[in-house]
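Some terms used for protein models only carry weight once a value has been set against a cut-off. The exchange below takes several such terms in turn and asks what supports each of them.

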Amino acid sequence: MLTPSIITSFIASGFLTSDPVRQPRIQDCFKDLRKAFYKYFLQKDQTDPSYLPVELYIFMEPDFLCLKSELKLPESMGLTGFLNELTTDSALLEKTYTFLSERFRRMRITPVAFASFFPEVSHADATRRSQAFGAVAGMQQLAQRFNQEAEWQIRAIELVCGSRIAGVEFEVGRDRLISTLIPREQTSNTLEKLIDGLQATVADQDQEKVVPYSLELEPGSMFLVNSAESITHIAELLAESSSIGFNLDLSHYSLAGLLQQDDTGAFYLNDALTKNKAFETFRRHIVHAHISDSSEKGHLGDLPFGSIHSEDYFRNQIQFLKTLISQGDSALPFSNHLSLELEAVGRWREIEDSFETLCKLCRES
């Protein structure tokens, strides 16, 4: 059975801070979500049925500012530099773990995945690319530290795979900023550097302790991984990797035209993926999944359930996902969590209603 979890910037932005207004509001949010979760998923074998599964952005800016203050980090240190530091400073890693785990217990949440976006993993400059991969390695170290304790189980590190934006500069006359994109013909080489860089972050580690990377497709021309071609090329590079897989975001794959419906409403992956020789590698490396509503007219932000589609639409998506991940042996373990991703939603009631619907559908499917 798929277990629902929640990822939303409405919760993540500033949830670590001690803001006297925001903290009680976020606590109420988690309380309402727990009510929905345990209405459908109260199980006797859970060690603590009061905890809500969440997928967390590590770290949004307000949270990092709080962390910087709590850990007494240098004022000049940015997030990338901090995460790089975690790979070499065991005392700082332990201090960070202690602070975060205490907050998670207080808020009665259990993180099942970390999520992030470091655009410079695809940067042409080797130094900037190295710093970005160092930040990814820091997330890996933090996730592994959590997993040393029986109460935590981080099952995936979800990564947006970089951007095609190669640089931003003023046009002649300095009237406006313009961006340059990585040419299509160079995308393959950039993907190879991406996979090489991720593999290097865990090359010397005990592979049984490594938390798998979950690579996410983002629809749109600005993103590096946005098509069947880019997904299958990554699959070709992975072979039997035990550390890198895919995040199957059902909404994003639909927007990219890779996930479609037949006349009965059932979902299927189109031929651009399934007829490719790398499809089995792709299927066997699905690590995690996201769901949300979306408009076929464009990626306008992840929408709450019912914005565009009916409940049956999501029921069919969940059934498709369950069928796909149950087909044969996997090269990587699936997280068994389906995260409701609502990045741009600002009204709490929409998040709560969507999450309760997801809980119900996961329980029924």
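A residue is called buried if its relative accessible area is under 20%. The model discussed here is predicted.

Q: Which residues of helix α3 are buried?
A: In α3, which spans residues 61-70, the residues that meet this criterion are Asp63, Phe64, Cys66, Leu67 and Lys68. These buried residues pack against α1, α4 (79-86) and α5 (90-107). After α3 comes lysine 72, whose phi is positive, near 55°.

Q: Why is proline 53 called buried?
A: The relative accessible area of proline 53 is 5%, and the cut-off for a buried residue is under 20%; proline 53 is therefore buried. This proline has its place in strand β2.

Q: What is proline 53 in contact with, once its neighbours within four places in sequence are left aside?
A: With heavy atoms within 4.5 Å as the criterion for contact, proline 53 touches Pro4, Ser5, Ile6, Phe37, Thr110, Val112 and His337. A separate C-alpha to C-alpha value places proline 53 and isoleucine 109 at 6.0 Å in space, although their positions lie 56 residues apart in sequence as a separation.

Q: What makes a space in this model a cavity, and how many cavities of 30 Å³ or more does the search find?
A: A cavity is a set of points where a 1.4 Å probe fits but cannot get out, and a search of the whole structure finds two that reach 30 Å³ or more. The largest cavity has a volume of about 50 Å³, while the second largest holds about 40 Å³.

Q: Which residues line the largest cavity, and which element gives the most to its lining?
A: The lining consists of Ile6, Ile7, Thr8, Ile11, Ala12, Val54, Glu55, Leu56 and Tyr57. Two or more of these residues come from each of β1 (3-7), α1 (9-12) and β2 (52-57), and β2 gives the most, with four residues. By class, the lining divides into seven nonpolar residues, one polar and one charged.

Q: What classes of residue line the second largest cavity?
A: Its lining has nine nonpolar residues, no polar and no charged ones. The residues concerned are Phe118, Val121, Val136, Leu159, Val160, Cys161, Leu194, Leu198 and Leu215, with β4 (156-160) and α7 (187-200) each supplying at least two of them.

Q: What is known of the second largest pocket, and which residues lie nearest its centre?
A: This pocket, an open set rather than an enclosed one, contains about 440 Å³ of space. Of the 21 residues in its lining, Asn147, Glu208, Lys209, Val210 and Val211 lie nearest the centre. Helix α6 (residues 126-147) provides the largest share, four residues, and the classes are nine nonpolar, eight polar and four charged.

Q: How do you know that strands β7 and β8 pair?
A: Pairing requires at least two bridges, and four bridges join β7 (residues 213-216) to β8, the two running parallel; the requirement is therefore met. Within this pair, tyrosine 213 stands opposite isoleucine 244 in β8. Together with helix α8 (residues 228-238), β7 and β8 make a right-handed β-α-β unit.

Q: What else does β8 pair with, and why is it called mostly covered?
A: Strand β8 also pairs with β11 (residues 286-291), in the parallel sense and over four bridges, and aspartate 249 stands opposite histidine 290 in β11. As for its cover, six of the six residues of β8 (residues 244-249) are buried.

Definitions and conventions:
Residues numbered from 1 in each chain as written. Predicted model: local features only at pLDDT ≥ 70, side-chain atom pairs only at ≥ 80, totals over all residues. Heavy atoms only, no water. 1 Å grid on protein atoms, 1.4 Å probe; cavity = no way out; pocket = protein on both sides within 12 Å on 5 of 7 lines; lining within 4 Å. Points joined across faces, edges and corners; volume = space filled by probe spheres on them. Nonpolar A, V, L, I, M, F, W, Y, C, P; charged D, E, K, R; others polar. Buried < 20%, exposed > 50% of the residue type's maximum accessible area, 1.4 Å probe, protein only. Right-handed = clockwise from strand over helix to strand, strands pointing away.
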